[in-house]
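Got the model open in your viewer? Let's walk through it one selection at a time.

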Number of protein chains: 2
Amino acid sequence: MITLEDIARQAGVSHSTVSRALADSPLVHPDTKKRIQDLAREAGYQVNQVARNLRFQSTRTIGLVVPEVSNPYYPKLIQQVADLARESGYSLQLHLSGADQAAENTCLASLREQRVDGILLVTAERGRWVEDAEHIDMVMGDDAKGGYALAQHLIGLGHRSIAILGKPSHRGGYDRLFGFKTALEEAGLVLSEEMQLVANSDAEVKSGVIQLIGLTAPPTAIFAYQDSLAALVIGHLADMCIPIPQAMTVVGFDNLDLATYICPHLTTVGGHIEPLAAQFVNLLIARIRKTHPNTSPQRVVITPQLVVRGSCAPPRRESSITKKTSSPEGYYQQLPTRNTQETSR
Amino acid sequence: MITLEDIARQAGVSHSTVSRALADSPLVHPDTKKRIQDLAREAGYQVNQVARNLRFQSTRTIGLVVPEVSNPYYPKLIQQVADLARESGYSLQLHLSGADQAAENTCLASLREQRVDGILLVTAERGRWVEDAEHIDMVMGDDAKGGYALAQHLIGLGHRSIAILGKPSHRGGYDRLFGFKTALEEAGLVLSEEMQLVANSDAEVKSGVIQLIGLTAPPTAIFAYQDSLAALVIGHLADMCIPIPQAMTVVGFDNLDLATYICPHLTTVGGHIEPLAAQFVNLLIARIRKTHPNTSPQRVVITPQLVVRGSCAPPRRESSITKKTSSPEGYYQQLPTRNTQETSR
DNA sequence: TTTCATAATACACACGATTGCATTAGTCGT
DNA sequence: ACGACTAATGCAATCGTGTGTATTATGAAA
């Protein structure tokens, strides 16, 4: 690779002058400057950011840790984060942590060694333990409110027997369940054990659906923890020739693109990913630039909105509406590295 | 941040000794080594990779440039690449180039400035021009063969009137079309203009489907350029109460997860992403490590496989089968940075 | 006691870019 | 003609690691 020194030798000046010339400093003679700039351009000189990073003690890079990327929820988030970061002049170092807590810690350690200016950490599993969790900013979707809104919508349509299907592995998954249950309770309904099914794979969804349909008093609506699960539910119901939404109402969560790919289009909650990503990135960059006035850790909560589509219908009964808010729980976490640190020299 | 020098001062030795101690060098006295290691651990010392990278002239990072991540095809690829890279001890610097050629060049320039050890470039648009394209390795999916296989399958089922819908913006898109047309021609069929519709958005797909159904001689099968478009097609057909596959056959391309989310499950071609990513990464890392014997640019072609699912049926006629292979075209490109470079000092 | 080998550690430089300070050259004023 | 000021450039240190070489110190052998 070609360096400042190389250009300097060609131009017959010192490397300091070359550095100043390329930075368009007024300290170098206009003629010299022009000559050096031309020389550098035709030599294809490219700044060594590694050296510059060492000098500046900053990499203008932020680390993004995400569990996986197969679940379409995360790409949607990554896209937003990447765009916003680029707008602010930051590169992205992407790490996929997988399901494993140890792997996540490895990612974090690696990113700190790389001296990224900040880290965005998206945690998947409930109860993941992050060092100094109380000292980091957090941005979270209000999954409880989302679950509450969905349940309220179903109750409003007149549903009284509602099943829940999925695997609440997400920290937010439990919140969705909590919000959902809260709405049911407020309407005087109870969620019996047989209406709560754990399912993760396609096969489990299938057996779950069969189990629900086979009940003596089957539910009139099914709430899936994620849009992708809801899509599978709809698929299996269709296989069993159960018309949707006439004979069964189905709702999902997150409003992913696939919610409109399936037929009928899926009622779900969404719209939270974009503001989530925006807060996520803006808060971190404000921290990095120390422009954030408040030094105490921030807790930002984004409320998702109900998106009503064709997968819901009343179950041939009348309805009543209840209303109340519920408490949120954490989902996203964000921790800047450089800001809590101190150089001992 | 805490440095070698800090530990050295605490231990009353020089920073060189600390460096060697942490590298478990036999040159330092076992007692000193133990003492230094303990000291470093409890001080929470973390190597500065920026300094190390400068010293070693290597970042153990590969750059990945992808057009976007909303299209679920790319996340699937990213996941594979990230896993393989991590296995080989490389980090990933992700850049999203968007639709724009200039943005792509910006990404490339940025990655070279960051001194990544290699770059994986995924190009989306046809005819994107990459500097020194003839000097870089390329890995490509054989989209022509995929299109050919799909057409052959439809013809084998007895379809004679087949429509194509989508936007061949991909370089591979044109190849899919080419392979598809080749198979049709071999079967003595022609693809009339009215059977070729450009559609990108949901609205365009809808009007396209309506247009096709409204023809005096509507097609009996529709080939969509991507699974996501096929999903939309199926959705709109269902809206119009046209049973699939009884009244209309639909096929897609890429075998994404959503192919099994929709109902009926989508016939498509796939299985190429995994080997594609594997070749992609392995070839690059071999180049970086200079273990690759062949110095001339490689061209690797991956052939996708037909995946038959429920979205296809015969159109109440008999069938004939034709067979022949077609020529491939480029899709993926990969260029290592460090290997063609030379230090002038 | 002197010499030599060896073990352990310190010194110094390199990687490449930036920047405060010193140095040189050139111009102007008196 | 000489001092003073300024414009232009070079010198050198810095960021943090790793490593070749020099420098000690210690012990053993003669």
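The tour begins at the DNA and then moves to the contact between the protein chains.

First, some ground rules: this is a predicted model, so local features need pLDDT of at least 70 and side-chain atom pairs count only at pLDDT 80 or more, while totals for chains, interfaces and linings use all residues. Residues are numbered from 1 along each chain as its sequence is written, chains are lettered from A and ligands numbered from 1 in the order in which they are written, and side-chain values use heavy atoms, with hydrogens and water left out.

**Stop 1: DNA strand C**

Select DNA strand C and show the 27 residues around it; a residue belongs to this set if one of its heavy atoms lies within 4 Å of the strand. The ones that come nearest are A:Leu4, A:Tyr45, A:Arg52, A:Arg55 and B:Thr17. On the DNA side, sugar and phosphate make up 65% of the strand's atoms that come within 4 Å of the protein.

Color the surface near the strand by class and you get 8 nonpolar, 13 polar and 6 charged residues. Here Ala, Val, Leu, Ile, Met, Phe, Trp, Tyr, Cys and Pro count as nonpolar, Asp, Glu, Lys and Arg as charged, and the others, Gly among them, as polar.

**Stop 2: three side chains**

Which base atom of DNA strand C lies 3.5 Å from a polar side-chain atom of A:Ser16? It's a base oxygen. Now hop to chain B: an N or O atom in the side chain of B:Thr17 sits 2.7 Å from a phosphate oxygen of the strand, and B:Thr32 has a side-chain N or O atom 2.8 Å from a phosphate oxygen. To see the elements that give two or more residues to this surface, select α2 (15–22) and α4 (49–56) in chain A, plus α2 (15–22) and α4 (49–56) in chain B. Helices (H or I, at least four residues) and strands (E, at least two) are DSSP runs, numbered from the N terminus.

**Stop 3: where chain A meets chain B**

Hide the DNA and pick the contact (heavy atoms within 4.5 Å): 51 residues from chain A and 52 from chain B. Between them, the chains bury about 4600 Å², 53% of it on carbon and sulfur atoms; that is accessible area (1.4 Å probe) lost on putting the two parts together, summed over both. Highlight A:Met1, A:Arg115 and A:Tyr261, which supply 17% of the area chain A buries against chain B, more than any other three residues.

**Stop 4: paired strands**

Finish on β2(A) and strand β2 (residues 91–96) of chain B, which pair in the antiparallel sense over 3 bridges (pairing needs at least two DSSP bridges). Click A:Gln93, and opposite stands B:Gln93 in β2(B).

Methods: Polar contact = N/O pair within 3.5 Å; in protein donor to acceptor, adjacent residues only side chain to side chain.
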